[in-house]
Amino acid sequence: MGTRPEAIKLAPVYLALRARGAGARIYDTGQHPDLLPSALAAFAIPDTAVQRSPQRGVSAPLKMLPDMQRMLRAHAPGGVIVQGDTASAFAGALAGVLSGLPVHHVEAGLRSGDWLSPFPEEFIRAGIGRLSAQHFAPTPLAGRNLAAEGIAADRIHIAGNTIVDALRLILPGRNQRKRTRPSQSAGGKLVVLTVHRRESEGAGTRAILGAAAELARRRDVHVIYPAHPRTTTDELAALGSGHGIEVVPPIPYADFVQLLARADLAITDSGGVQEEAAILGTPLICCRNVTERPEALAGTHARLVGTDPEAILAAAEQFLDDGQRPAFSAAFGDGHAADRIAAILTA
Ligand SMILES: CC(=O)N[C@H]1[C@@H](OP(=O)(O)OP(=O)(O)OC[C@H]2O[C@@H](n3ccc(=O)[nH]c3=O)[C@H](O)[C@@H]2O)O[C@H](CO)[C@@H](O)[C@@H]1O
């Protein structure tokens with residue numbers, strides 16, 4: 001693993017393997033050196049469980065391929081587990097295959113159908129699919145995508161998405177908490193904004209931030225925007241005066257999901273935040289043209305709007321004014337995906 005979302009989605013798998021008495025070690029490629037350690041800390045996974053690459057940054061994963069192969073030779077594990085669609089996941093899968101080990105893919109089978117969006121994730125996850133022995137699909141739709149690509153049925157497991165397990169670990173009483181959610185009326189409507197997709201870089205990000213700035217001009221709206229480290233000052237300038245928008249550094253995972261659970265609206269281009277908003281029953285505006293997670297957009301309070309500022313603003317105003325909250329989505333599983341995965345891998 002190398003990024004924050006991989007740490008969040010693999011932490012439950014690591015904990016489930018340990019709970020079954022299996023030895024498991026984490027290799028951190030160094031792709032998100034500022035975000036990954038804090039995500040693992042949210043699950044109380046100690047630093048001693050992690051082998052860290054000496055490289056840092058987006059090009060670290062492929063540079064670390066020889067180091068990963070050395071590590072695999074030294075520890076001789078029974079297999080390599082990778083998650084999702086990052087360069088780190090691809091490098092880990094390649095290191096496993098080159099070392100003659102079976103590779104197991106968590107969150108397998110997501111497809112947007114457009115190789116350029118999200119870029120480069122769509123072709124990375126399809127490539128990992130070619131390298132993997134076991135495919136742990138988060139939803140039946142993802143399982144069907146894999147079957148359509150010719151993967152044998154006995155290698156596809158509809159396990160559920162480990163993001164539900166992560167939320168269960170971090171917010172144990174979330175349903176109860178949600179019903180007694182404090183009213184936002186005193187402080188107005190709370191909007192959580194995240195923007196980081198590579199295909200939105202530049203003009204797309206400026207358009208999304210401009211729409212959020214316009215929305216925040218409403219007196220009853222307060223936007224919290226944890227800016228991704230890759231956001232440029234030129235993009236941030238689209239916030240204008242910044243009235244009503246709180247720009248903050250990345251928020252620790254436990255605090256972030258509590259904020260999302262309380263929010264009246266999430267505006268995002270993130271994969272994980274789409275899923276979490278659906279699971280937590282928070283209205284969602286997805287600022288992308290296509291999604292590999294259509295399950296998150298079911299229902300009337302989630303919409304795919306692209307990066308057109310007028311479309312973002314219109315959807316945001318509609319959701320905030322009607323004040324309805326969607327039901328908690330069960331589309332991503334029951335929160336026991338990690339244990340299913342661990343059971344299959346330790347059988
Ligand atoms: C669009 C896309 O292809 N995204 C991929 C990307 O994730 P993704 O787009 O989800 O990546 P993000 O960087 O948005 O990370 C989202 C995660 O970070 C958390 N968060 C966010 C903001 C913050 O301040 N604090 C915080 O903890 C969110 O709760 C969420 O769980 O890599 C994942 C892991 O390989 C894949 O599963 C996704 O498919």
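A44 sits in the loop between α2 (36–41) and β2 (50–52). Helices and strands here are DSSP runs, numbered from the N terminus: H or I with at least four residues for a helix, E with at least two for a strand. A44 counts as exposed because its relative accessibility is 67%. The cut-offs go like this: buried means under 20% relative accessible area, exposed means over 50%, and partly exposed is in between, using a 1.4 Å probe and the protein chains only. The areas themselves come from the Shrake-Rupley method with a 1.4 Å probe, and for residues only the protein chains shown count as cover. A44 also has a phi near 55 degrees, which is a positive value in a residue other than glycine. Most residues other than glycine have a negative phi, and most peptide bonds are trans.

Before going further, keep in mind that this is a predicted model, where local features need pLDDT of at least 70, side-chain atom pairs count only at pLDDT 80 or more, and totals for chains, interfaces and linings use all residues. Residues are numbered from 1 along each chain as its sequence is written, and side-chain values use heavy atoms, with hydrogens and water left out.

Now hop along to P54, in the loop between β2 and α3 (60–63). P54 has a relative accessible area of 69%, so P54 is exposed. Its C-alpha atom is separated by 7.3 Å from that of G30, although the two are 24 residues apart along the chain.

Next comes strand β4 (residues 103–106), which holds V103. Is V103 buried or exposed? V103 counts as buried, because its relative accessibility is 0%. Between V103 and G129 there are 9.5 Å in space, C-alpha to C-alpha, for a separation of 26 residues in sequence.

The loop between β4 and α6 is worth a stop. E107 is found there, and E107 has a positive phi of about 65 degrees although it is not a glycine. With a relative accessible area of 6%, E107 is buried. P118 has its place in that loop too, and a cis peptide bond with an omega of about -5 degrees joins it to S117. P120 is another resident of the loop between β4 and α6; here the cis peptide bond is with F119, and omega is about 0 degrees.

E107 leads us to the ligand, since it is among the closest of the 27 residues that surround it, along with D85, S270, G272 and E276. (A residue is near a molecule if one of its heavy atoms lies within 4 Å of it.) What is in that shell by class? There are nine nonpolar, seven polar and 11 charged residues. Nonpolar covers Ala, Val, Leu, Ile, Met, Phe, Trp, Tyr, Cys and Pro, charged covers Asp, Glu, Lys and Arg, and the others, Gly among them, are polar. Some polar atoms of the protein come close enough to the ligand to be worth picking out. A polar side-chain atom of H196 lies 3.3 Å from one of the ligand's oxygen atoms. A polar backbone atom of I251 is 2.7 Å from a ligand nitrogen atom, and an N or O atom in the side chain of S270 is 2.7 Å from a ligand oxygen atom. Of the 770 Å² of accessible area that the ligand has on its own, the protein covers 97%.

The space taken by the ligand is the largest pocket. On a 1 Å grid over the protein atoms alone, a pocket is an open set of points with protein on both sides within 12 Å along at least five of seven lines, and a molecule sits in one if more than half of its atoms lie within 2 Å of its grid points. The elements that give two or more residues to the shell around the ligand are α1 (4–19), α6 (121–131), α12 (253–262) and α13 (271–280). With five residues, α1 gives the most.

Helix α13 also holds E275, which counts as buried because its relative accessibility is 1%. The side chain of E275 makes a polar contact of 2.5 Å with the side chain of R293. A polar contact is a pair of N or O atoms within 3.5 Å; within protein, one must be able to donate a hydrogen and the other to accept it, and residues adjacent in sequence count only if both atoms are side-chain atoms. Another such contact, of 3.2 Å, joins the side chains of E275 and N161.

N161 takes us to our last stop. At the start of α8, a side-chain oxygen of N161 reaches to within 2.9 Å of the backbone nitrogen of I163. Helix α8 (residues 162–170) is mostly covered, with seven of its nine residues buried. Those buried are T162, I163, V164, D165, A166, L167 and I170.

Methods:
Near = heavy atom within 4 Å. 1 Å grid on protein atoms, 1.4 Å probe; cavity = no way out; pocket = protein on both sides within 12 Å on 5 of 7 lines; lining within 4 Å.
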